[in-house]
Amino acid sequence: TFAGLDYGLHWGLIVDGALEKPYVLAGLAAFGLLVPLAATSTRWAMRRLGKRWKPLHRLVYAAAALAVLHFLWLSKDPRQALLFGAALALLLLLRLPLVRRTVAAWRTPRSPQRVT
């Protein structure tokens, strides 16, 4: 959209516009990180990459952070972008092993204590 509609695929203007507006660079970086993830999301690619597939797909975390940064820099009112950033931070926090174990412990039912 940025390159086609805004600048008519004129590469000189695209480069000038991207350097002038930092939110464009953040958006392009997020898009650039998502392209290899889309290309390697098939079963064939997963088998072919083997154990390298998972580390590659961890790039999604950086892409998500860049997308929030892009939205924050782009918007005039940052409240919605900050809300999305807080939601992302919460979801990433839940990915930490210590937090995941704690939440899992809350969810498991405990057997009632017998009184004798």
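This report walks through a buried core, a surface patch and a charged pair in a predicted model.

## The core around Ile 14

A good place to begin is Ile 14, which sits in helix H2, spanning residues 11-20. With a relative accessible area of 7%, Ile 14 falls under the 20% cut-off and therefore counts as buried. Setting aside residues up to four places away in sequence, Ile 14 touches Phe 2, Ala 3, Tyr 7 and Leu 9.

Two of those contacts, Phe 2 and Tyr 7, turn up again in the largest nonpolar core, where they join Ile 14, Ala 18 and Val 24 to make five residues in all. In soluble globular proteins, nonpolar side chains tend to be buried together. Val 24 has contacts of its own: leaving out neighbours within four places in sequence, Val 24 meets Phe 2, Ala 18 and His 70. Phe 2 and Ala 18 are also members of the core.

For a sense of distance, you can look from Ile 14 to Lys 51. These two residues are 37 apart along the chain, and their C-alpha atoms are separated by 38 Å.

## Leu 25 in helix H3

Leu 25 belongs to helix H3, which covers residues 22-39. Its relative accessibility is 42%, between the 20% and 50% cut-offs, so Leu 25 is classed as partly exposed. If you follow the chain for 63 residues from Leu 25, you arrive at Leu 88, and the C-alpha atoms of this pair are 20 Å apart.

## A leucine patch on the surface

Next comes a nonpolar patch on the surface, formed by Leu 90, Leu 91, Leu 93, Leu 94 and Leu 96. Together these residues have about 450 Å² of accessible area.

Leu 96 is one of the patch members, and you will find it in the loop between helix H7 (79-94) and helix H8 (97-107). Leu 96 is partly exposed because its relative accessible area, 43%, lies between 20% and 50%.

## One salt bridge

How many salt bridges does the structure hold? There is one, and it pairs Arg 79 with Asp 77. The closest N and O atoms of the two residues are 2.7 Å apart. Side chains of opposite charge can pair when their charged atoms come close.

The partners fall into separate exposure classes. Arg 79 has a relative accessibility of 62%, over the 50% cut-off, so Arg 79 counts as exposed. Asp 77, with a relative accessible area of 40%, is partly exposed.

How values were computed:
Residues are numbered from 1 along each chain as its sequence is written. This is a predicted model: local features need pLDDT of at least 70, side-chain atom pairs count only at pLDDT 80 or more; totals for chains, interfaces and linings use all residues. Side-chain values use heavy atoms; hydrogens and water are left out. Helices (H or I, at least four residues) and strands (E, at least two) are DSSP runs, numbered from the N terminus. Buried means under 20% relative accessible area, exposed over 50%, partly exposed in between (1.4 Å probe, protein chains only). Contact means heavy atoms within 4.5 Å. A nonpolar core is a set of buried Ala, Val, Leu, Ile, Met, Phe, Trp, Tyr and Cys residues joined through side-chain atoms within 4.5 Å. Patches are made of residues with over 30% relative accessible area and no salt bridge: like charges are joined within 9 Å, nonpolar side chains (Val, Leu, Ile, Met, Phe, Trp, Tyr) within 5 Å. Accessible areas come from the Shrake-Rupley method with a 1.4 Å probe; for residues, only the protein chains shown count as cover. A salt bridge is a side-chain nitrogen of Lys or Arg within 4 Å of a carboxyl oxygen of Asp or Glu.
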